[in-house]
Amino acid sequence: MKASSHRDIGAAAKNFLTHPAFLGILLTFMVSLTGFFKPTFIEFLDYKAFDALSAPGPDADISSIPVIIDIDEKSLKLHGQWPWPRYKMALLLNRLHAMGVRAVGIDIMFPEKDRTVIDPSSEDIPEDLKADIGIADVRGSAGYSDRLFAEAVSRSSAVLGFQFRFESSPVDAACVLHPVAMDVMQSGGGEQLHGGLIEAAGIVYNLPELTRATHSAGFFNVSPDSDGILRSVPLLMKYKGELYPSLALAVLMKAFNTNKLLLQYGSNGGSLHLANRNIPLTSGGRLWVNFRGKGGTFAYISAADILSGKTPPDALMDKIVFLGTSAEGLKEFRSISTDPIYPGVEVHATVVDNYIRSDFLVRPFYASGFEVLLALITGMAFTVIFSRSSALLTLLSVCGGTIGLWALSVLAFKTGGVLLSPVLPILALLSDFSLLNLVKFWREESKSKQRTRELALAQEAIIESMASLTETRDPETGGHIKRTQNYVRLLARTLRESSPKHRALLDDETIDLLFKSAPLHDIGKVGVPDGILLKPGKLSETEFEEMKKHAVIGRNAIRATERRLGNGSFLRFAHDIAYTHHEKWNGSGYPQGLRGEEIPLCGRLMALADTYDALINQRVYKPSLTHEEAIRIIVKDKGTHFDPEIVDAFLTVSEEFRNIARKYADSEKQDTLKLDDQAIS
């Protein structure tokens with residue numbers, strides 16, 4: 001009783017643990033939890049989803065405010081190789097200042113002194129520059145070219161750039177750093193004041209003279225994501241307890257004449273208030289950049305045209321200018337989703353353009369949690385649908401769910417620039433779909449195998465029931481049925497191995513059906529009168545003719561059953577066995593007198609098996625023969641009574657025939673293996 005109860009509990013537990021609903025919910029939780037840990041492959045897919053969402057259209061709008069002043073090949077050809085003398089850079093800044101630019105971000109560093117010597121009579125130095133700077137007064141100083149540039153930086157709205165390092169390095173005490181003044185509103189459980197920002201350990205800075213001259217400066221540092229694509233840039237970094245702006249942010253502060261920012265920041269990100277706008281930040285003080293497409297989307301003006309005065313005086317009025325270079329060997333490239341060789345200076349220009357147009361990309365702090373929640377809802381909803389719907393509706397729900405999740409991400413992006421990845425919910429949906437279909441297939445396969453086993457048992461029961469009819473009329477043939485079906489199986493397997501032409505026909509399924517059908521070979525005997533069937537002596541000619549009818553009676557009985565089951569039923573070999581197992585290779589058999597391969601293979605196999613068993617077993621009408629005598633008779637009848645190939649197969653396994661005969665012997669007294677068939681042969 002207890003054992004039965006334990007089995008029931010075990011079966012119930014197994015059924016519960018393998019139920020699609022339980023597995024679907026379990027898998028949904030497992031997939032959803034990965035959203036908090038972001039495995040590399042999910043992070044990669046998220047990035048690709050963000051790239052697809054933020055891909056600019058062919059008519060993407062770009063403001064006209066950011067302009068690139070390009071030290072290009074033309075500039076180098078006209079004004080000499082790089083680096084230019086600092087006085088030439090001073091002249092360039094003075095020209096930009098005179099044209100009314102709002103700010104100039106210099107995407108070039110000047111960490112070393114200029115060793116260029118200026119000839120006061122040089123035509124490269126215009127008279128107004130000599131007068132403004134006082135060339136005669138500074139000529140005697142070793143760094144007069146740097147002083148010219150420093151004076152130009154001081155008078156203009158130039159913002160110098162510098163590079164943070166992440167290994168400690170000494171800083172010249174004469175250098176003046178330019179941290180940003182900031183009010184901080186910290187929330188969301190940040191680590192400490194300014195917690196979560198990238199913190200630098202060292203710095204590569206401009207000449208001390210230049211750092212003292214400039215009013216602001218910003219760092220160049222940008223870093224790509226794990227797949228090598230640049231999607232976001234830090235706007236703030238921390239160095240020795242102070243906050244420093246990026247070059248783009250410092251330029252914006254200069255352009256909008258503000259020297260103080262408001263940072264609302266926590267461990268999950270925040271926003272930066274500049275002038276009248278909020279700039280959304282993610283963790284690490286980064287801004288997702290809304291790139292406009294391939295490089296070259298912003299207006300470029302050659303530095304040579306500025307220096308030569310070819311650019312109209314009002315062309316740069318109120319523009320925000322970045323000074324960089326596209327000359328071969330000098331330009332810097334970044335890989336973005338739309339361009340693998342995107343000019344580095346345009347990264348700064350794009351940040352400014354994002355601010356001007358207020359079309360920031362936003363990855364809110366709750367995004368990961370929302371995606372996890374959406375994955376849970378999606379997975380559980382699909383599990384319910386799967387449990388209650390057809391295969392077609394399930395497939396449609398997967399397709400519709402995938403499209404709907406992507407549409408939701410597109411809607412969030414179009415309406416608010418919000419980056420929500422559909423990857424995790426879609427992954428939960430597809431994982432559930434795959435697993436639940438696999439489980440469903442496995443359960444159906446198990447049921448199918450169980451039904452197949454039950455059907456096989458039913459088939460065997462039907463055959464045994466039909467065969468038992470013969471035993472009620474001829475009780476001495478019970479062992480004969482068992483022996484002959486094993487003989488037939490052994491012969492069929494041996495023939496398959498020895499005869500190439502029979503290999504394709506005698507597959508495992510066919511041999512199994514031959515084995516199951518063999519017991520019905522003598523079922524027609526139920527229609528033979530007892531006086532003939534059980535006669536101890538030799539049958540008369542009339543009686544033998546009556547006995548021969550059992551082949552037809554057996555075939556008709558089996559065909560009647562087969563018609564009800566269909567042509568492909570398990571009885572498809574049985575009627576041929578019953579009808580043709582007394583046919584002979586030379587055509588002298590009955591009931592049709594078929595010859596050679598006109599006789600079905602199953603009938604030829606049964607003929608030898610039936611004869612061998614009849615020869616070695618004793619019956620009331622005949623004595624038994626020895627195994628060796630039976631072999632001699634069969635060999636003698638090769639090509640007359642029996643198929644020669646089947647005889648050859650029999651000789652290969654004759655000893656196994658003897659073993660089968662012993663195993664299923666009618667009487668334990670018979671150790672010489674003598675047992676059936678006078679009337680039938």
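1. Let's start with what surrounds the largest cavity in this predicted model. Sorted by class, its lining holds eight nonpolar residues, three polar ones and two charged ones. The lining has 13 residues in total, and those nearest the centre of the cavity are Asp51, Ser54, Val289, Phe291 and Ser337. Try picking these five out in the viewer.

2. Which helix gives the largest share of that lining? Helix 3, covering residues 40-54, supplies three residues. The volume of this largest cavity is about 110 Å³. Searching the whole structure turns up four cavities of 30 Å³ or more. If you wonder how such spaces are found, rolling a probe the size of a water molecule over the atoms shows where empty space is left.

3. Next, have a look at a sheet. Strands 5, 9 and 10 form an open sheet in the order 5-9-10, with mixed pairing. Strand 5 (198-199) and strand 10 (242-245) are the edge strands, and each of them pairs on one side only.

4. How do strand 5 and strand 9 run, parallel or antiparallel? They run parallel, and two bridges join strand 5 to strand 9, which spans residues 236-239. To see them side by side, find Ile198, which stands opposite Met237 in strand 9.

5. Finally, a pair of helices. Two packed helices are described by the angle between their axes and the distance between the axes. For helix 10 (residues 247-255) and helix 12 (residues 344-357), the axes come within 8 Å and cross at roughly 50°. That angle makes helix 10 oblique to helix 12. The crossing of helix 10 past helix 12 is right-handed.

How values were computed
Residues are numbered from 1 along each chain as its sequence is written. This is a predicted model: local features need pLDDT of at least 70, side-chain atom pairs count only at pLDDT 80 or more; totals for chains, interfaces and linings use all residues. Side-chain values use heavy atoms; hydrogens and water are left out. On a 1 Å grid over the protein atoms alone, a cavity is a set of points where a 1.4 Å probe fits but cannot get out, and a pocket is an open set with protein on both sides within 12 Å along at least five of seven lines; lining residues have an atom within 4 Å of a point. Grid points are joined across faces, edges and corners, and a volume is the space filled by probe spheres set on the points. Helices (H or I, at least four residues) and strands (E, at least two) are DSSP runs, numbered from the N terminus. Ala, Val, Leu, Ile, Met, Phe, Trp, Tyr, Cys and Pro count as nonpolar, Asp, Glu, Lys and Arg as charged, and the others, Gly among them, as polar. Two strands pair if DSSP finds at least two bridges between them. Axes are lines fitted to C-alpha atoms, for helices over the stretch in contact, and angles run from 0 to 180 degrees between N-to-C directions. Angles under 35 degrees count as roughly parallel, over 145 as roughly antiparallel, 65 to 115 as roughly perpendicular and the rest as oblique. A crossing is left-handed if the near helix is turned anticlockwise from the far one by less than a right angle, and right-handed if clockwise.
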